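Grab a pencil and work through these exercises with the model open beside you. Try each task before you read its solution.

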Amino acid sequence: MKIVKNITIRELEDVFKTKFSEFMKEKISEADLSYYELDPEERDGVISMTIETLLNPSVKRSGAHRIDDWVKGWGENCDDFRIYGKYNALIPKYFGKFPYVRWKQDFIKAANPNLEYNMARILQYWLFEKHFLYANSVYEFGCGTGHNLFRVHEVNGICRIYGLDWASSSQETLKHINKIYNKTFRGHKFDFFNPDKDFQLDRNSGVYTFAALEQTSNKFHEFIDYLVEQRPSICVHVEPMWEYLDSNNFVDYLSIKYFEKRNYLDGLKNYLLQLRDEGKIEIVQDQRSYMGSMFVDGYSIIAWRPTDA
């Protein structure tokens, strides 16, 4: 019989290289982070499934051409939420699709179907508390169903919260959230590939993307330049970035290959380093989280601010 293990506060502090606040310790204690270690045979099976996916020619690649897919996907969540009014209806359907997740450069098996989502929640609480605690406004670009915005509100209950997405079904979902949960989330249509440069950010604002810029491949420069011009107080990106992974580690290598297969984000860190060297921005956080789904270690972190913010 397999032994159930738990990702602990100490482990997370070691991986994140930090000491948690009492707020964070409470959130981690409340979360179900239980898992099973894999035996060699099961681990080989996960690797085989990953390789088969990498060899599958029908796997969809990201890009601007997939707008209709995202309108439909977020629309399905919107319909479920409108009918049932439950927060769980907002959780993207790709979470929990497979029972395996990545943790510290290896695979583990979830003891509950929400393990990856709970890990992502803990990462968000930490980053939101670290960067947005005193922000007047917080913007999530690529907010999808708006499920992450609830955690921004938990951390900073007095800031203005904006959810932006290129799918009109996202703005519709935020309207239902405000009605059902008595929130004041502000929705706005925004396309990474064609940034609305007339959309002005509030002063003393925080910006973040969470597994959203991944869809832009190498077409993110115009969006980043827009942010530099807007001068927010802090920008945080949690994205799949190959620069943080170790290609000599086989599990990491498979993730890098999956990034390439799906045409995911490519070159963000290097572009931000270039802007830093040009004196336009300051990088304030730069690390990997060692967390991910079965296919990708996709939650690496880079945070920055314009030098004149």
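**Exercise 1.** Work out in what order the seven strands of the open sheet lie, and which strands form its edges.

*Solution.* Step 1: walk across the sheet, and you meet S7-S6-S5-S8-S9-S12-S10, with mixed pairing. Strands here are DSSP runs of E with at least two residues, and helices are runs of H or I with at least four, both numbered from the N terminus. Two strands pair if DSSP finds at least two bridges between them.

Step 2: look for strands that pair on one side only, and you get strand S7 (186-189) and strand S10 (281-287).

Step 3: check the twist. Neighbouring strands of this sheet are turned by 20° against each other on average, direction ignored. Axes are lines fitted to C-alpha atoms (for helices, over the stretch in contact), and angles between N-to-C directions run from 0 to 180 degrees.

Step 4: see what lies on the sheet. Helix H8 (residues 221-230) packs there and touches S5, S8, S9, S10 and strand S12 (300-306). Contact means heavy atoms within 4.5 Å. The direction of H8 makes about 45° with that of S12.

Before you go on, a word on the source: this is a predicted model, where local features need pLDDT of at least 70 and side-chain atom pairs count only at pLDDT 80 or more, while totals for chains, interfaces and linings use all residues. Residues are numbered from 1 along each chain as its sequence is written, and side-chain values use heavy atoms, with hydrogens and water left out.

**Exercise 2.** Zoom in on strands S5 and S6, and find in which sense they pair.

*Solution.* Step 1: S5 covers residues 137-141 and S6 covers residues 160-165. Step 2: they pair in the parallel sense, over five bridges. Step 3: pick Phe141, and you'll find its bridge partner in S6 is Leu164.

**Exercise 3.** Now take the open sheet of five strands, and explain why S1 and S11 each have a side without a neighbour.

*Solution.* Step 1: the order is S1-S2-S4-S3-S11, with antiparallel pairing. Step 2: strand S1 (5-6) and strand S11 (291-292) are at the edges with a single partner strand each, so one side of each has no neighbour in the sheet.

Step 3: inside the sheet, strand S2 (residues 34-37) runs antiparallel to S4, joined by three bridges. Tyr35, for instance, has Ala110 in S4 as its bridge partner.

Step 4: add the helices. Helix H1 (residues 9-16) packs on the sheet, touching S1, strand S3 (100-103) and S11, and its direction makes about 60° with that of S3. H5 packs on this sheet too, touching S2, S3, S4 and S11, at about 35° to the direction of S3.

**Exercise 4.** Find the salt bridge partner of Glu42, and say which parts of the chain the pair links.

*Solution.* Step 1: recall the rule, a side-chain nitrogen of Lys or Arg within 4 Å of a carboxyl oxygen of Asp or Glu. The structure holds 23 salt bridges. Step 2: Glu42 pairs with Lys109, their closest N and O atoms being 3.3 Å apart. Step 3: the pair links distant parts of the chain, as Glu42 sits in helix H3 (residues 40-54) and Lys109 in strand S4 (residues 107-110), 67 residues apart.
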